[in-house]
Amino acid sequence: MNTDPISDYLTRVRNAIRANHKVVEIPTSKTKKEITKILFEKGYILNYKFIDDTLPGTIMIALKYHPVTKIPAIMELKRISRPGLRQYVGADKLPSVKNGLGVAIISTSKGMMTDKEARTQNIGGEVICFIS
């Protein structure tokens with residue numbers, strides 16, 4: 001039983017990048033699927049695949065590296081809101097990660113989205129994590 005599955009997700013991806021793995025395998029959930037889709041849309045991962053054959057299901061994520069220098073696309077993954085201290089922000093206080101070069105994932109009443117999408121829709125929510 002994991003008390004913080006999102007932290008586990010981010011830690012698995014972070015560890016796989018540090019070990020220069022090409023693919024990382026993660027147990028699935030709705031929230032993790034949404035975070036994975038956002039990572040793919042913003043170009044932080046190469047590809048992903050949801051495998052629901054097993055009981056908990058798995059997410060296979062192909063990590064993205066620069067072809068010549070082998071530098072990973074994801075430099076930093078940081079969990080913001082956690083079970084012990086939830087971080088909620090209004091539409092006027094949405095964070096900007098590295099002056100717009102990074103992405104903040106926000107859980108809103110209209111689903112998971114980036115900080116830029118939440119700003120355009122003028123809605124706030126729970127700040128899940130920062131990615132840069």
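Two aromatic pairs turn up in this structure, which is a predicted model. In one of them, the ring centres of F40 and Y48 are 5.3 Å apart and the planes meet at 75°, so this pair counts as edge-to-face. An angle over 60 degrees is what earns that label. In the other, Y48 and F50 have ring centres 5.0 Å apart with planes at 45°, so the pair is described as tilted. Put together, the ring pairs join F40, Y48 and F50 into a cluster.

How buried or exposed are these rings? F40 has a relative accessible area of 35%, which makes it partly exposed. Y48 comes out at 24% and is also partly exposed, and F50, at 25%, falls in the partly exposed class too. The cut-off for buried is under 20%. A charge joins the picture as well: the charged end of K33 sits over the ring of F50, 5.2 Å from the ring's centre.

Next comes the sheet. Strands of a sheet pair through backbone hydrogen bonds, and they can do so in a parallel or an antiparallel way. Here, three strands make an open sheet, arranged β1-β3-β2, with antiparallel pairing. β1 and β2 (45–51) are at the edges with a single partner strand each, so one side of each has no neighbour in the sheet. From one strand to the next, the twist averages 20°. Five bridges hold the antiparallel pairing of β1 with β3; for V23, the bridge partner in β3 is A62.

Helices pack on this sheet. α1 touches β1 and β3, and its direction makes about 165° with that of β1. α2 lies across β1, β2 and β3, running at about 150° to β2. What do the two faces of β1 look like? V24 and I26 make up the covered face, while V23, E25 and P27 are on the uncovered one. That fits a general pattern: in a regular strand, side chains alternate between the two faces of the sheet.

Then there is the nonpolar interior. In soluble globular proteins, nonpolar side chains tend to be buried together. The largest nonpolar core of this model contains 25 residues, and V13, I61, L63 and I105 have the most contacts inside it. Two or more residues come from each of α1 (5–18), β1 (23–27), α2 (30–41), β3 (58–63), β6 (103–108) and β8 (125–131). Which element gives the most? That would be α1, with six residues.

V13 shows how those contacts are spread. Leaving aside residues up to four places away in sequence, V13 touches V24, I26, I61, L63, I74 and L77. Another core, of eight residues, lies apart from the largest one, and its members include V97, A104, A118 and I123. Back on β1, V24 and I26 are the residues of the covered face, and both are among the contacts of V13.

Key: Residues numbered from 1 in each chain as written. Predicted model: local features only at pLDDT ≥ 70, side-chain atom pairs only at ≥ 80, totals over all residues. Heavy atoms only, no water. Core = buried A, V, L, I, M, F, W, Y, C linked by side-chain atoms within 4.5 Å. Buried < 20%, exposed > 50% of the residue type's maximum accessible area, 1.4 Å probe, protein only. Helix = DSSP H or I, 4+ residues; strand = E, 2+ residues; numbered from the N terminus. Contact = heavy atoms within 4.5 Å. Pairing = 2+ DSSP bridges. Axes fitted to C-alpha atoms, helices over the stretch in contact; angles between N-to-C directions. Phe/Tyr/Trp six-rings, centres within 6.5 Å; stacked < 30°, edge-to-face > 60°. Lys NZ or Arg CZ within 6 Å of the ring centre and 35° of its normal.
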